[in-house]
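Let's walk through this one together, from the inside out. Keep the viewer open while you read.

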Amino acid sequence: MTVYKKDHETTLAELREKIVAFTDARNWNEGHRAKNLAMSIAIEAAELMEHFQWRDNADYTADKVEAEEKREIALECADVMIYMLSFCHRMGIDLAEAVQEKLDINEKRFPAVK
């Protein structure tokens with residue numbers, strides 16, 4: 001059985017390197033253009049949304065989702081992240097830096113209520 005590293009044990013850079021190595025080994029770079037990757041992010045996000053489409057919010061707390069469906073949801077999340085990291089690689093975007101910058105912007109736009 002393969003043991004995978006958890007969030008707190010890996011970095012975005014490590015994931016990105018694995019994804020780049022995977023796509024390079026399969027010569028997928030020609031098809032993995034920015035437009036195609038951006039579209040793939042949206043498509044995979046839509047597949048994630050399908051799990052929630054006709055259910056009430058209360059049906060989707062971590063303790064109510066069956067293990068197999070939670071695994072399917074996790075794999076859709078992984079698809080979104082794989083395409084996102086591939087897109088950022090293709091576009092020369094440092095995702096960690098972009099997220100931190102966006103959080104700073106949002107902090108100013110939406111200050112915490114005291």
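Cys88 is buried, at just 2% relative accessibility (buried means under 20% relative accessible area, exposed over 50%, and partly exposed in between, using a 1.4 Å probe and counting protein chains only). You'll find Cys88 in helix H3; helices here are DSSP runs of H or I with at least four residues, strands are runs of E with at least two, and both are numbered from the N terminus. This is a predicted model, so local features are reported at pLDDT of at least 70 and side-chain atom pairs at pLDDT 80 or more, while totals for chains, interfaces and linings take in all residues. Numbering starts from 1 along each chain as its sequence is written, and side-chain values use heavy atoms, with hydrogens and water left out.

So what does Cys88 touch, leaving aside its neighbours within four places in sequence? The list is Arg16, Ile93 and Leu95, where contact means heavy atoms within 4.5 Å. Arg16 sits 72 residues away from Cys88 in sequence, yet the two C-alpha atoms are 8.9 Å apart in space.

**Where H1 meets H3**

The Cys88 and Arg16 pairing belongs to a broader meeting of two helices. On the H1 side, the residues involved are Leu12, Leu15, Arg16, Ile19 and Val20. Their partners in H3 are Met81, Ile82, Leu85, Ser86, Cys88 and His89. H3 covers residues 67-91, and its axis lies 9 Å from that of H1 at an angle of about 85 degrees. Axes are lines fitted to C-alpha atoms, for helices over the stretch in contact, and angles run from 0 to 180 degrees between N-to-C directions. H1 and H3 are therefore roughly perpendicular to each other; that label covers 65 to 115 degrees, with under 35 called roughly parallel, over 145 roughly antiparallel, and the rest oblique.

Some of these residues also show up on the outside. Leu12, Leu15 and Met81 make a nonpolar surface patch of about 200 Å². Patches are built from residues with over 30% relative accessible area and no salt bridge, joining like charges within 9 Å and nonpolar side chains (Val, Leu, Ile, Met, Phe, Trp, Tyr) within 5 Å. The areas come from the Shrake-Rupley method with a 1.4 Å probe, and for residues only the protein chains shown count as cover. Leu12 is in H1, which runs over residues 12-25, and is partly exposed at a relative accessible area of 32%.

Met81 has a link to H2 as well: its C-alpha is 9.6 Å from that of Ala45, 36 residues away along the chain. Ala45 is part of H2, residues 34-50, and is partly exposed with a relative accessible area of 28%.

**The loop between H1 and H2**

Buried or exposed: which is His32? His32 is buried, with a relative accessible area of 16%, even though its place is in the loop between H1 and H2. Not counting residues up to four places away in sequence, His32 touches Thr23, Leu37 and Arg90.

Asn27 is in that loop too, but is exposed at 67% relative accessibility. Have a look at its backbone: phi of Asn27 is near 55 degrees, a positive value in a residue other than glycine.

**Salt bridges**

Side chains of opposite charge can pair when their charged atoms come close. The cut-off used here is a side-chain nitrogen of Lys or Arg within 4 Å of a carboxyl oxygen of Asp or Glu. The structure holds 4 salt bridges, among them these:

| Acidic residue | Basic residue | N to O distance |
|---|---|---|
| Glu14 | Lys5 | 3.5 Å |
| Glu30 | Arg33 | 2.6 Å |
| Glu69 | Arg55 | 3.3 Å |

Take the Glu69 and Arg55 bridge. Glu69 lies in H3 and Arg55 in the loop between H2 and H3, so the pair ties together parts that are 14 residues apart in sequence. Glu69 counts as buried at 17% relative accessibility, whereas Arg55 is partly exposed at 44%.

For the Glu14 and Lys5 bridge, Glu14 is partly exposed at 30%, and Lys5 is partly exposed at 49%. In the remaining table entry, Glu30 is exposed at 58% relative accessibility, while Arg33 is partly exposed at 39%.
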